[in-house]
Amino acid sequence: MIDLVLSVDVQADAGTTWLALTDWERQHEWMLGTYVEVAEGDGRSVGSKLTAFTGVRGVGFTDPMEITSWEPPVRCTVRHVGSVVKGTGAFHVHAKGPHRSTFVWAESLVPPLGPAGQLGWPVVKPAFVLGLRYSLKRFARFAEGYTVGQA
């Protein structure tokens with residue numbers, strides 16, 4: 001398993017950070033190369049299914065997920081159920097005062113490609129973490145200016 005935990009401080013209250021985080025169909029505004037849509041359910045309850053596509057110009061992979069825990073405005077967990085990405089993800093929002101919060105992104109993943117993926121992870125990890133850190137910084141700016149219903 002690959003365990004990864006990253007966080008970012010956000011200059012917005014926990015409720016606003018939560019709403020920005022769980023606005024799945026706008027995730028592409030902050031997550032590099034990823035587009036998410038609600039595939040089944042309302043996207044805001046256990047059992048809802050999400051589909052993420054990560055790639056560039058149609059070349060990439062689909063990551064279907066199912067929400068396994070929904071505890072607004074604190075925690076959402078998902079199970080990755082696709083053929084490329086398998087494992088679990090958790091999104092936590094920690095209140096840090098009336099106008100501050102911290103968003104924590106945690107993943108526990110089975111590397112794709114079996115033993116080759118496990119061996120290749122140390123090579124891929126620095127670029128993956130760099131991209132995720134960049135995306136989380138973009139998320140902080142996104143959440144700080146987040147308005148419900150804004151397109």
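Strand 4 (59-71) and strand 5 (75-81) pair in the antiparallel sense over 6 bridges in this predicted model. The two strands form a hairpin, with 3 residues between them. One of the bridges involves W70, whose partner in strand 5 is C76. Strand 5 is also joined to strand 6, again antiparallel, by 7 bridges. Here R75 has H92 of strand 6 as its bridge partner. A hairpin of 4 residues makes the connection from strand 5 to strand 6.

The next pairing is that of strand 6 (residues 86-95) with strand 7 (residues 101-110), which run antiparallel and are joined by 10 bridges. Within this pairing, T88 is matched with S108 of strand 7.

These pairings belong to an open sheet of 7 strands, ordered 1-7-6-5-4-3-2, with antiparallel pairing. Strand 1 (2-10) and strand 2 (34-40) are the edge strands, each pairing on one side only. On average, neighbouring strands of the sheet are turned by 20° against each other, direction ignored. In general, strands of a sheet pair through backbone hydrogen bonds, in either the parallel or the antiparallel sense.

Two helices can now be placed against these strands. Helix 1 (residues 14-21) lies across strand 1, strand 4, strand 5, strand 6 and strand 7, and runs at about 155° to strand 6. Helix 2 (residues 114-144) lies across strand 1 and strand 7, running at about 25° to strand 1.

Helix 1 is capped at its N-terminal end by D13, which places a side-chain oxygen 3.0 Å from the backbone nitrogen of G15. The buried residues of helix 1 are A14, T17, W18, A20 and L21. Seen down the helix axis, these buried residues fall within an arc of 165°, so they line one face of helix 1. The general background is that an α-helix has 3.6 residues a turn, so residues three or four places apart point the same way. The cover over the buried residues of helix 1 includes strand 1, strand 4, strand 5, strand 6, strand 7 and helix 2.

One residue of helix 1, T17, is also in contact with V10, a residue of strand 1. V10 has a relative accessible area of 0% and is therefore buried, the cut-off being under 20%. Leaving aside neighbours within four places in sequence, the contacts of V10 are T17, H99, R100, S101, F103, F139, A140, A143 and E144. For one of these residues, A140, the C-alpha atom is separated from that of V10 by 5.0 Å, although the two residues are 130 residues apart along the chain.

F103 and F139, both contacts of V10, lead on to the aromatic residues. The structure holds 12 aromatic pairs. One of them is formed by F103 and W105, an edge-to-face pair with 6.3 Å centre to centre and 75° between the planes. F103 has a relative accessibility of 0%, so F103 counts as buried. W105 counts as buried because its relative accessibility is 9%, which is under the 20% cut-off. Ring pairs link F103 and W105 into a cluster with W24, W30, F91, F139, F142 and Y146.

W30 of this cluster is in contact with S135, a residue found in helix 2. Beyond its neighbours within four places in sequence, S135 is in contact with W30, M31 and L32. S135 has a relative accessible area of 1%, so S135 is buried.

V46 offers a contrast in exposure. This residue is found in the loop between strand 2 and strand 3 (49-56). Its relative accessibility is 55%, so V46 counts as exposed, the cut-off being over 50%. Even so, V46 is in contact with I67, T68, S69 and W70, leaving aside neighbours within four places in sequence. W70 is the residue whose bridge partner in strand 5 is C76, which brings the account back to the hairpin of strand 4 and strand 5. The C-alpha atom of V46 is separated by 12 Å from that of R75, with their positions 29 residues apart along the chain counted as the residues apart.

Terms used
Residues numbered from 1 in each chain as written. Predicted model: local features only at pLDDT ≥ 70, side-chain atom pairs only at ≥ 80, totals over all residues. Heavy atoms only, no water. Pairing = 2+ DSSP bridges. Axes fitted to C-alpha atoms, helices over the stretch in contact; angles between N-to-C directions. Contact = heavy atoms within 4.5 Å. Phe/Tyr/Trp six-rings, centres within 6.5 Å; stacked < 30°, edge-to-face > 60°. Buried < 20%, exposed > 50% of the residue type's maximum accessible area, 1.4 Å probe, protein only. Arc of directions from axis to C-beta. Polar contact = N/O pair within 3.5 Å; in protein donor to acceptor, adjacent residues only side chain to side chain.
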